[in-house]
Amino acid sequence: MTTLVEPEEHKDLRAAVAAFGKRYGREYLTKIVAEGGYPTELWQEAAKLGYLGVNLPAAHGGGGGGIAELSIVLEELGAAGAPLLMMIVSPAICGTVIARFGTEEQKREWLPALADGTRTMAFGITEPDAGSNSHRITTTARRDGDSGDWLLTGRKVFVSGVDIADATLVVGRTADARTGSLKPCLFIVPRDAEGFSRRPIDMELHGAEKQFELLLDEVRLPAEALVGDEDAGLLQLFAGLNPERIMTAAFAIGMGRYAVSRAIEYARDRTVWKTPIGAHQAIAHPLAQAHIDLELARLMMQKAAYLYDAGDDVGAGEAANMAKYAAGEACVKAVDQAVHTLGGNGLTREFGLASLITAARVARIAPVSREMILNYVSHQTLGLPKSY
């Protein structure tokens with residue numbers, strides 16, 4: 001099975017991205033974020049090198065690979081200290097959904113632009129009263145009987161990068177003509193659509209991508225704004241959510257690797273008594289354990305990516321959830337141990353680890369909490385009764 005040992009082309013991709021990421025690194029990213037900007041230079045060069053669209057179809061300007069390749073790109077950028085959250089959103093979620101379910105016109109319009117970095121797309125699903133429970137989404141779309149247009153109304157929160165995105169892929173609900181019940185559907189909403197507004201959310205987390213609340217007030221969209229089949233429902237939605245979980249795992253593993261590498265570097269050089277502190281098992285063993293946990297999480301992530309790219313959506317769903325859970329836990333522990341290894345220096349701006357304490361928590365919370373993953377595994381995998 002290809003997930004146990006990486007093929008040579010994956011090793012080559014990993015090495016190339018690692019070298020590319022080191023040319024930018026955490027200092028570059030921190031400086032850009034502190035100035036309130038976005039690492040456009042990094043994004044554009046990654047696109048030029050073919051990294052942004054490595055998972056998108058070659059027929060539409062992509063690399064013809066899959067989530068396995070894209071997760072390598074994000075992990076290695078994270079390990080270099082320069083991860084790009086929009087890689088999860090734009091090519092992984094939105095690009096995948098459009099590639100699998102979009103019309104030919106949507107594919108021609110969006111996929112080459114997402115691959116070459118000239119356009120980006122955000123993803124809006126979470127609502128103030130519908131976090132983990134996507135069945136409570138109240139953003140609704142109804143048809144205008146005269147024009148055939150869609151009218152989209154609702155609110156979204158914690159939507160990343162809306163200010164830099166050309167459009168947002170919004171999850172709404174439409175009425176099923178046969179049953180009258182609501183079903184999820186996906187719509188491409190241009191950033192300048194009338195009635196579509198955004199408000200920044202003041203976050204303690206300072207990342208390159210800002211978070212927004214969206215308001216959709218009778219946003220009129222043409223019939224072709226609908227992505228895929230109106231009746232496909234959850235199938236299309238989870239086609240984007242599984243890659244999101246896999247890529248979040250890659251994001252977390254990369255961050256954890258970066259933190260551990262900084263701690264190792266410090267532990268090799270820092271001498272308090274006669275030997276470097278890394279010679280003491282109280283320092284060395286926790287770092288070794290953090291490394292092991294990250295490697296184990298990567299194996300599950302690779303399995304999830306393999307299953308997804310092979311077309312096994314059911315198998316990928318279970319593995320993607322497990323990978324995201326394992327990576328989130330491993331990342332938080334790795335960052336905590338790295339900061340602890342440096343002692344007081346771990347909280348200084350000079351060493352740049354303290355900010356990761358907040359950032360690492362994201363992998364436990366988003367895009368789905370660890371508790372909801374445990375719910376999923378307990379009743380989907382283990383067959384235990386649902387508690388909700």
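# A walk through the predicted model

Leu-169, once its neighbours within four places in sequence are set aside, is in contact with Cys-94, Val-97, Met-121, Ala-122, Phe-123, Gly-124, Leu-186, Phe-187, Ile-188 and Val-227. The structure that shows these contacts is a predicted model, and Leu-169 is a convenient place from which to begin reading it. The largest nonpolar core of the model has 93 residues, and Leu-169 belongs, together with Met-87, Met-121 and Phe-123, to those with the most contacts inside it. Helix α7, which covers residues 234-269, gives the most to this core, with 16 residues. Another core, of 20 residues, lies apart from it, and among its members are Val-159, Ala-165, Leu-216 and Leu-226.

Two of the residues just named, Met-121 and Phe-123, lead to strand β1, which spans residues 121-124 and is covered on both of its faces. In a regular strand the side chains alternate between the two faces of the sheet. In β1, Met-121 and Phe-123 are on one side, Ala-122 and Gly-124 are on the other, and all of these residues are buried. The strand does not stand by itself, for four bridges join β1 to strand β4 (residues 167-175), and the two run parallel. In one of these pairings, Met-121 has Ala-167 of β4 as its bridge partner.

Met-87, also one of the core residues with the most contacts, points the reader to a pair of helices. Two packed helices are described by the angle between their axes and the distance between the axes. For helix α4 (residues 67-79) and helix α5 (residues 86-101), the angle is about 175° and the axes are 11 Å apart. Because an angle over 145 degrees counts as roughly antiparallel, α4 is described as roughly antiparallel to α5. As for the residues that meet there, α4 brings Ile-67, Leu-70, Val-73, Leu-74 and Leu-77, while α5 brings Met-87, Ile-88, Pro-91, Ala-92 and Thr-96. Sorted by character, the residues of this contact comprise nine nonpolar, one polar and no charged.

A further group of strands can be followed one pairing at a time. Strand β2 (residues 140-143) pairs with β3 in the antiparallel sense over four bridges, and within that pairing Ala-141 has Leu-152 of β3 as its partner. The hairpin of β2 and β3 has six residues between the strands, and in this hairpin Gly-148 takes a positive phi near 85°. Strand β3 itself (residues 150-160) also pairs with strand β7 (residues 211-221), in the antiparallel sense and over eight bridges. Here Gly-154 is matched with Leu-216 of β7, and Leu-216 is also among the residues of the core of 20 residues. Strand β7 is in turn joined by five bridges to strand β6 (residues 196-200), again running antiparallel, with Pro-200 and Phe-212 as bridge partners.

The backbone of these strands deserves a careful look as well. Most residues other than glycine have a negative phi, and most peptide bonds are trans. Phe-158, however, has a positive phi near 55°; this residue lies in strand β3 and is partly exposed, with a relative accessible area of 48%. Glu-218, which is found in strand β7, likewise has a positive phi, near 50°, and at 35% relative accessibility Glu-218 counts as partly exposed. A departure of another kind concerns the peptide bond from Ala-366 to Pro-367, which is cis, with omega near -5°. Pro-367 lies in the loop between α10 (354-365) and α11 (370-381).

Two further residues, each in a helix, complete the walk. Is Glu-329, in helix α9 (residues 313-342), buried or exposed? Its relative accessible area is 11%, and because buried means under 20%, Glu-329 is buried. Leaving aside its neighbours within four places in sequence, Glu-329 is in contact with Arg-364 and Arg-370. Val-33, in helix α2 (residues 25-34), has a relative accessibility of 21% and therefore counts as partly exposed. With its neighbours within four places in sequence again left out, Val-33 is in contact with His-206, Gly-207 and Ala-208. The C-alpha atoms of Val-33 and Ala-208 are separated by 5.3 Å, although the two residues are 175 residues apart along the chain.

Terms used. Residues are numbered from 1 along each chain as its sequence is written. This is a predicted model: local features need pLDDT of at least 70, side-chain atom pairs count only at pLDDT 80 or more; totals for chains, interfaces and linings use all residues. Side-chain values use heavy atoms; hydrogens and water are left out. A nonpolar core is a set of buried Ala, Val, Leu, Ile, Met, Phe, Trp, Tyr and Cys residues joined through side-chain atoms within 4.5 Å. Buried means under 20% relative accessible area, exposed over 50%, partly exposed in between (1.4 Å probe, protein chains only). Contact means heavy atoms within 4.5 Å. Two strands pair if DSSP finds at least two bridges between them. Axes are lines fitted to C-alpha atoms, for helices over the stretch in contact, and angles run from 0 to 180 degrees between N-to-C directions. Angles under 35 degrees count as roughly parallel, over 145 as roughly antiparallel, 65 to 115 as roughly perpendicular and the rest as oblique. Ala, Val, Leu, Ile, Met, Phe, Trp, Tyr, Cys and Pro count as nonpolar, Asp, Glu, Lys and Arg as charged, and the others, Gly among them, as polar.
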